[in-house]
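This report describes the strands, the nonpolar cores and two selected residues of a protein chain. The sequence and the structure are shown first.

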Amino acid sequence: MTPDLTDEPHDDFGGLQRDLPVLLGRRDALRWLGGASLAGLLAACGINSSRPSTAPPTTGTSPTTAAGVSGPTDATAALTTPTTAAPDPSVAGPGDEIPNETPGPFPADGSNGPNVFVEEGVARVDLTSSFGPLSGVAEGIPTNLRLTVVEAETGDPIRGAIVYLWHCTADGRYSIYEIADQNYLRGVQASDDAGRVTFATIFPGCYPGRWPHCHFEVYPSMAGASAGSTPLKTSQLALPQADCEAVFADPRYGDSAANLARLSLAGDIVFRDGWADQLATVSGSPSDGYTASLLARV
């Protein structure tokens, strides 16, 4: 009999052969997190909880936090979200949890070697540049990735959730593992009072065997993430086909268009059992940039 994979993490182009699967769904911890204040959580991490400006901070160094992690020039802005609009969790209502998925072979979360949580500068809004001692900028079409994290049972926003997001480059490679001298397209933020985080990045490319996607993990605290604790949720965000096709006409995206032409969401090893809760709502154009939004019930 074919096993039911509904609540199991899926393979990610070889990910399960190289990583231990992570089984999640810790409701009690999330209920605790939803009742905790953002200021309290960030104070535990040694980070001020005041709100940032709407503009992404400039790249630079800042004092290291108690958890061994700092943001760009303004560490406060790095761990909170720009005040741009995102899906309104107050109208989302309760629903099924977003599916658990594999972190894949390139998470850099400490589960298979590299751990970005202990690197200076990982807490940030702008993911396009490398952080810490590394330098370099990822090329591609500018994209804002917005996640709204809510409690699945109630639809209430979860404030202070630590969200780690990462994805591949325009030509389908991952920093740290496949591009050893860069760590861009990875970053951490704490959700605001509405459960929102927004990352300024580029539209991901498409590599052989996987539909275009972004990875993300949700933790109850930065201290726990830095210490290698198990995430409360590990999942993936899928990108719509029409937007991918428009983006991949850009020559910086290499073989992405050809790779996409051989794939489908229905055949993708992660999304084939259902992608309704993981398909982002996308607006924009290659000339103006994109905004991709996803409601994540956890």
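In strand E8, Tyr290 is the bridge partner of Gly284. Strands E7 and E8 pair in the antiparallel sense over 5 bridges, where two strands count as paired if DSSP finds at least two bridges between them. Helices (H or I, at least four residues) and strands (E, at least two) are DSSP runs, numbered from the N terminus. The model is predicted, so that local features need pLDDT of at least 70 and side-chain atom pairs count only at pLDDT 80 or more, whereas totals for chains, interfaces and linings use all residues. Residues are numbered from 1 along each chain as its sequence is written, and side-chain values use heavy atoms, with hydrogens and water left out.

## The mixed sheet

E7 and E8 belong to an open sheet of 4 strands in the order E4-E1-E8-E7, with mixed pairing. E4 and E7 are its edge strands, each pairing on one side only. From one strand to the next the twist averages 15°; axes are lines fitted to C-alpha atoms, for helices over the stretch in contact, and angles run from 0 to 180 degrees between N-to-C directions.

Strand E1 (residues 142–150) is joined to E4 by 7 bridges, and the two run antiparallel. Within this pairing, Thr148 stands opposite Arg196 in E4. Why is strand E4 (residues 196–202) largely enclosed by the rest of the structure? Of its 7 residues, 6 are buried, so E4 is largely enclosed. Buried means under 20% relative accessible area, exposed over 50%, and partly exposed in between (1.4 Å probe, protein chains only).

Ser285 is placed in strand E7 (residues 281–285). With a relative accessibility of 18%, Ser285 counts as buried. A polar contact is a pair of N or O atoms within 3.5 Å; within protein, one must be able to donate a hydrogen and the other to accept it, and residues adjacent in sequence count only if both atoms are side-chain atoms. The side chains of Ser285 and Ser287 are joined by such a contact of 3.2 Å. In addition, a polar atom of the Ser285 side chain lies 3.1 Å from the backbone nitrogen of Asp288. Not counting residues up to four places away in sequence, Ser285 touches Ile141 and Tyr290, where contact means heavy atoms within 4.5 Å.

## The antiparallel sheet

Another open sheet has 4 strands in the order E3-E2-E5-E6, with antiparallel pairing. Its edge strands are E3 and E6, each of which pairs on one side only. The twist averages 20° from one strand to the next. The pairings are listed below.

| Strands | Bridges | Sense | Example of opposed residues |
|---|---|---|---|
| E2 (residues 162–166) and E3 (residues 186–190) | 5 bridges | antiparallel | Ile162 and Ala190 |
| E2 and E5 (residues 213–219) | 5 bridges | antiparallel | Tyr164 and Glu217 |
| E5 and E6 | 6 bridges | antiparallel | Phe216 and Ser235 |

All 5 of the 5 residues of E2 are buried, so this strand is largely enclosed by the rest of the structure. Ile162, Tyr164 and Trp166 point one way from E2, while Val163 and Leu165 point the other way.

## Nonpolar cores

In soluble globular proteins, nonpolar side chains tend to be buried together. A nonpolar core is a set of buried Ala, Val, Leu, Ile, Met, Phe, Trp, Tyr and Cys residues joined through side-chain atoms within 4.5 Å. The largest such core has 42 residues, and those with the most contacts inside it are Leu147, Phe203, Phe216, Phe248 and Tyr253. Two or more residues each come from E1, E2, E4, E5, strand E6 (233–238), helix H6 (241–247) and strand E8 (289–297). E8 gives the most to this core, with 4 residues. Apart from it lies another core, of 18 residues, among them Val116, Val122, Trp166 and Cys168.

Phe216 has contacts that include Leu147, Tyr164, Leu165, Trp166, Leu237 and Leu294.

## Leu260 in helix H7

Leu260 lies in helix H7 (residues 256–261). Is Leu260 buried or exposed? Its relative accessible area is 5%, so Leu260 is buried. Beyond four places in sequence, Leu260 touches Cys206, Trp211, Pro212, Gln241, Cys244, Glu245 and Phe248. The C-alpha atoms of Leu260 and Arg210 are separated by 8.3 Å, although these residues are 50 residues apart along the chain.
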